[in-house]
Amino acid sequence: MTQINITVRTPISQSTRAKQVSSMFDVPEQTEHNLNWQIEAPLEQQKWNIGLIVGASGSGKSTILKHQFGEPSELIWDKQSVIDDFDSSFTAEQISSSCSAVGFNTIPSWLRPYNILSTGEKFRVNLARQILETPQNKTIVVDEFTSVVDRQVAKIGATAVSKWIRKENKQFVAASCHYDIVDWLQPDWVIDMNTHQFVWRSVQPRPKLNIEIKSVHYSVWQLFAPFHYLTKELNKAARCYAIFIDEQPTAFAGLLHRPHAVAKNIVGVSRLVTLPDWQGLGLAFVLADTLGAAHKAVGKRLRTYPAHPALIRGFDRSAQWKLDRKPQYSKPVVGKNSTVGKDWRQGTRPCAIFEYAGAPMQDKTQAQRLLDSHKF
């Protein structure tokens, strides 16, 4: 059984000022300050992917993290765009996959220097680099995990990281002073520095979100436009829908009638975007699936035309969507229902075409209500 036994000895200042302060507060005279941690951590007993060291500031989290798992990576950000800061050995596809995996999906932000990104974007792109650049046989070590970001961003980011680490079968250990991320990160084990206890955990579903999908006014697009990967423009004729969580809009879809030589009932997804703070939960796919089911219930066919690599891969993996046309420059392969493959090449913006092939919404009246009785 792994026994964590760490002692940190620090000389105490003998300066005149230090002695004055000690005298003022009746601090016993000492020449050395000792801190000791003893924790049983049976990490060798079973396989694991994610560990969390949590506790109050000053409880020894960083000391345990560095002693047991090594120093966190020091990342240098000095290029004109953050994607150029990634190690040159990685391809654009690998970098985009890593960024998308942690919910850093706003492509315009990929092309900006690190120093002008938002705090949440810096948090995510740091994780993307650490995850991608850490060798498979080494543990990814992150100190002060989620400490500098809004708590909503922290929870969503923790979920995105958890999904990616398990998918890639890597090992990830973080230290954090926030207990609110436990249910979102879903670690396999936790060391609580407040109690000096180690516990194994079984992975549970993340907390549920109260989601509402409804038709919205065209003006809502302005909230989402800066974060779309193609353009800020949206046809005025677009029918607009959004996902609301606790009455806050989080994901948006703009739909248009698609003229067709034969079929007269095709509706296309013109814009599909999730706000940065909510990326990583798959909300865009929840919105697209729901709209696809609603349209199918009223006799319409919903298609989507993604060029973003994360969207292409997501729709390709989904059993709810059928590939109608693959993007250019892709190689045949994988996916449950297509031959899109993993090697989606960026630069020429090829679009795939997917059509909703899942079940229709059971309640046709509810479907019509969602679509706001709009006739394309």
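Three short exercises on a predicted model follow, each with a worked solution.

Residues are numbered from 1 along each chain as its sequence is written. Local features need pLDDT of at least 70 and side-chain atom pairs 80 or more, while totals for chains, interfaces and linings use all residues, and side-chain values use heavy atoms, without hydrogens and water.

**Exercise 1. Place Ser162: state its helix, decide whether it is buried or exposed, and list its contacts.**

Step 1. Find the element. Ser162 is in helix 7, residues 151-168. A helix here is a DSSP run of H or I with at least four residues; a strand is a run of E with at least two; both are numbered from the N terminus.

Step 2. Apply the cut-offs. Buried means under 20% relative accessible area, exposed over 50%, and partly exposed in between, with a 1.4 Å probe and protein chains only. Ser162 has 8% relative accessibility, so it counts as buried.

Step 3. List the contacts (heavy atoms within 4.5 Å). Leaving out residues up to four places away in sequence, Ser162 touches Ile50, Trp184, Leu185 and Gln186.

**Exercise 2. Classify the ring pair of Trp321 and Tyr356.**

Step 1. Recall the rule. Rings of Phe, Tyr and Trp (its six-membered ring) pair if their centres lie within 6.5 Å; planes under 30 degrees apart are stacked, over 60 edge-to-face, and the rest tilted. The structure holds 14 aromatic pairs.

Step 2. Use the numbers. The centres of Trp321 and Tyr356 are 5.5 Å apart and the planes are at 80 degrees, so the pair is edge-to-face.

Step 3. Locate both ends. Trp321 is in strand 13 (residues 321-325) and Tyr356 is in strand 14 (residues 353-356). They are 35 residues apart, so this pair links distant parts of the chain. Both Trp321 and Tyr356 are buried.

**Exercise 3. Find the charges that sit over the rings of Trp77 and Tyr305.**

Step 1. Set the test. NZ of Lys or CZ of Arg must be within 6 Å of the ring centre and within 35 degrees of the ring normal.

Step 2. Take Trp77. The charged end of Arg129 sits over its ring, 4.6 Å from the centre.

Step 3. Take Tyr305. Arg258 lies over the face of this ring, at 4.5 Å from the ring centre.

Step 4. Add a group of rings to your picture. Trp48, Phe69, Trp189, Phe198 and Trp200 form one aromatic cluster.
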